[in-house]
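Student: Could you take one residue in this model and walk me through its surroundings, then place it in the whole chain? I'd like a close look rather than a tour.

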Amino acid sequence: MEDLPRMSVLAHEARRSTTGPLAWLLVLGIVLAALNLRTAVTSVGPLLDQLAGALGMSSVSTGLLTTLPVLAFATVGAITPTMARRVGEHRLLLLALVVLGAGMLVRSVVGSAAVFLVSSAVALSGGAVGNVLIPTLIKRHFPARTGIMTTVYTTALAAGTMLAAAATVPIERASGDWHIALGVWAALAAVAAIPWLALLRSEPERETGGRDAGIRRLLRSRLAWMVAIYFGTQSLIAYVMFGWLATILTDGGFTTSQAGAVLGAFTALNIPVSILVPVVASRFRDQRPVVVGLVVFYAAGFLGLWLGPVDLALVWVVLVAVGMGSFPLALMMLALRTRTPEATAGLSAFGQSAGYLISGAGPILVGVLRDVTGGWTVPYALLFAVLLAQLLTGLYAGRDRYLEDEPARMTG
């Protein structure tokens with residue numbers, strides 16, 4: 001009998017899910033948008049030394065460029081729900097893709113370090129808006145299919161991330177010009193905007209007021225903080241692994257080329273993991289078993305990299321890659337822990353903004369600890385402390401509960 005109210009809610013959600021040609025257009029729009037959300041980030045990394053030389057960038061400017069993604073995702077993401085209420089979700093995502101493409105186009109043709117930094121910040125702002133909006137759109141248009149649509153979203157996001165990282169250097173070598181290698185990704189953003197031009201006519205009505213999860217309410221919400229910290233811990237580990245895995249491997253005896261190949265495999269594994277984790281997690285009302293399982297994979301992988309045989313490094317890296325399924329799980333929680341698209345928007349903005357701020361210091365702190373201690377023992381101790389925080393917050397955030405059902409103290 002306890003399941004009857006829940007079944008009624010699910011039936012209601014299924015009826016209000018978008019169907020027909022509009023649904024397929026939305027799926028196409030979400031996939032194309034997701035492909036673009038990380039291209040402004042991962043297309044720069046492979047050419048960073050070349051860009052620094054060509055633009056005369058100082059070490060400070062280079063450091064700022066690598067920090068810009070976290071700053072943009074945290075700050076612009078925080079104000080996205082407010083912009084969506086004023087502009088509309090479909091219009092805002094279209095505008096975000098235009099801004100993303102324009103920023104990447106400008107930076108691909110300039111010869112000034114300052115303009116390159118500013119245009120990169122503009123492009124990343126467009127990606128930050130998309131980070132927050134897409135979980136909201138999934139909740140609004142596909143409330144009964146959150147799991148499968150999160151799978152679609154995170155898979156496209158992982159594919160776009162890997163594509164820009166892997167293809168930028170070959171494009172530069174084939175064309176002989178880094179301007180072209182970066183400009184290609186602006187064209188991809190222009191393609192992604194096309195479905196959203198057609199979707200302007202289907203801009204949904206927006207509910208505001210009491211059902212909107214404002215920042216002051218979320219600051220008092222234990223669930224919102226648990227989701228934010230969970231998001232932050234998984235993001236911190238991801239940034240550390242992408243930034244330091246190659247160094248970990250070379251310190252362990254790998255050649256640079258071998259370490260690069262393992263890092264490429266690690267990046268590619270994000271795609272199947274992004275497919276599998278939401279499918280598995282959506283089968284449970286309670287995601288705590290998945291939280292625990294992913295932490296176990298992480299812990300086994302880190303222990304192997306730290307203390308295990310070097311010739312089994314690929315095995316340890318695969319285990320860590322499975323653990324990074326915490327990213328699609330964290331994105332799922334934004335929708336699963338809320339009842340309405342408005343609450344999803346608020347939790348998405350708060351969780352991602354606070355989470356990226358938490359994660360931003362991770363790679364820097366690991367580098368400092370390695371330099372100060374001369375080894376990896378203390379950095380690994382830090383990672384295990386982060387894992388403990390991920391486990392504790394995930395056990396709270398993964399439970400079958402809703403943001404809107406928290407006690408009245410949330411509203412202050």
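Tutor: One bit of vocabulary to begin with: contact here means heavy atoms within 4.5 Å. Also keep in mind that this is a predicted model.

Let's pick Glu406. You'll find Glu406 in the segment after helix H19, which covers 377-397. Leaving aside residues up to four places away in sequence, Glu406 touches Ser221, Arg222, Leu223 and Tyr396. With Ser221 there's a polar contact as well: the two side chains are joined at 2.5 Å. As for cover, the relative accessible area of Glu406 is 14%, and the cut-off for buried is under 20%, so Glu406 counts as buried.

Now zoom out. Of the 412 residues in the protein chain, 52% count as buried. Contacts across long stretches of sequence are well represented too: take the pairs at least 6 apart in sequence, and 83% of those contacts join residues at least 24 apart.

As for the fold, the protein chain has 19 helices and zero strands. Its radius of gyration is 21 Å, close to the 22 Å from the globule rule for 412 residues, so the chain is as compact as a globular protein of that length. The C-alpha trace spans about 60 × 45 × 40 Å along its principal axes.

On the outside, the protein chain exposes about 17,100 Å², with carbon and sulfur atoms supplying 68% of that area. And for the charges, there are 28 positive and 20 negative ones, whose mean positions sit 6 Å apart.

Terms used:
Residues numbered from 1 in each chain as written. Predicted model: local features only at pLDDT ≥ 70, side-chain atom pairs only at ≥ 80, totals over all residues. Heavy atoms only, no water. Helix = DSSP H or I, 4+ residues; strand = E, 2+ residues; numbered from the N terminus. Rg over C-alpha atoms; globule rule 2.2 N^0.38 Å. Buried < 20%, exposed > 50% of the residue type's maximum accessible area, 1.4 Å probe, protein only. Areas by Shrake-Rupley, 256 points an atom, 1.4 Å probe, with all protein chains shown as cover. Lys, Arg positive; Asp, Glu negative; His and termini not counted. Charge placed at Lys NZ, Arg CZ, Asp CG, Glu CD. Polar contact = N/O pair within 3.5 Å; in protein donor to acceptor, adjacent residues only side chain to side chain.
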